[in-house]
Amino acid sequence: MNDPEALGRDIDVAGAVGVPDGFERIWAPHRMFYINGENKPVGDPDDPLLCPFCVIPTKSDEDGLIVARGSLVYAVLNLYPYNAGHVLIVPFRHCPDITDLDAAEAAEFVLFTQRAVSTMRAATTAHGFNLGMNLGAVAGAGIAAHLHQHVVPRWGGDLNFMAIIGRTRVLPQLLADTRKLLADTWPG
């Protein structure tokens with residue numbers, strides 16, 4: 001079935017690389033910025049002027065994709081989400097490890113995690129959540145110098161053929177629309 005005509009439609013493969021195979025493609029070229037590390041800080045990782053998590057709060061909520069601000073932490077949409085609604089809980093203070101948080105920061109960090117889960121349940125009817133932190137680059141932290149926790153909503157069936165076979169995640173909503181939905185639903 002390498003013949004596009006056999007599929008009952010014309011498929012323009014002139015610009016494609018390789019032999020046509022009958023599969024449709026969902027292109028996500030914006031992911032190459034993340035894969036290539038183009039938005040990762042360069043230079044001294046401990047310099048808050050180079051840290052995206054230190055720069056984001058200086059922007060408007062809309063421009064920074066901030067869902068909610070607290071006194072010591074904030075919730076922001078992940079620019080490269082694993083799933084629609086993927087939020088990060090981030091302390092304002094530049095620190096790399098959960099053990100660096102003082103008692104007040106730790107309390108608000110957990111409170112914001114709880115609010116993120118409650119907000120997404122109300123706004124998106126998520127069936128479950130993945131919560132997690134990668135402490136250190138060897139543990140998978142993309143930005144190891146600034147602590148952040150992932151709150152990823154999950155739905156029954158969200159690991160369909162796209163993710164399992166195609167290694168592709170389909171996000172059905174623009175980040176700005178997701179930010180507005182969650183910000184409008186966030187309590188107090």
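Me: Two strands pair if DSSP finds at least two bridges between them, strands being DSSP runs (E) of at least two residues, numbered from the N terminus. What makes β1 and β2 a pair?

Reply: Happy to help! In this predicted model, 3 bridges join β1 to β2, and the cut-off is at least two, so they pair. The two strands run antiparallel, with Ala-75 as the bridge partner of Ala-68. They form a hairpin with 3 residues between them.

Me: How do you know that β2 and β3 pair?

Reply: They share 5 bridges in the antiparallel sense. Tyr-74 stands opposite Val-90 in β3.

Me: Why is β2 called largely enclosed?

Reply: Buried means under 20% relative accessible area, with exposed over 50% and partly exposed in between (1.4 Å probe, protein chains only). In β2, 5 of the 5 residues are buried, so the strand is largely enclosed by the rest of the structure. Val-73, Ala-75 and Leu-77 point one way, and Tyr-74 and Val-76 the other way.

Me: Which residues does Ile-89 touch?

Reply: Contact means heavy atoms within 4.5 Å. Not counting residues up to four places away in sequence, Ile-89 touches several residues, including Tyr-74, Ala-75, Phe-109 and Leu-147.

Me: How do you know that residues 1-9 have low confidence?

Reply: pLDDT is the predictor's confidence in each residue, from 0 to 100, and over residues 1-9 it stays under 50. Where pLDDT is low, the predicted coordinates should not be read in detail.

Me: What are the ground rules?

Reply: Residues are numbered from 1 along each chain as its sequence is written, and side-chain values use heavy atoms, leaving out hydrogens and water. In this predicted model, local features need pLDDT of at least 70 and side-chain atom pairs count only at pLDDT 80 or more, while totals for chains, interfaces and linings use all residues.

Technical notes:
Helix = DSSP H or I, 4+ residues; strand = E, 2+ residues; numbered from the N terminus.
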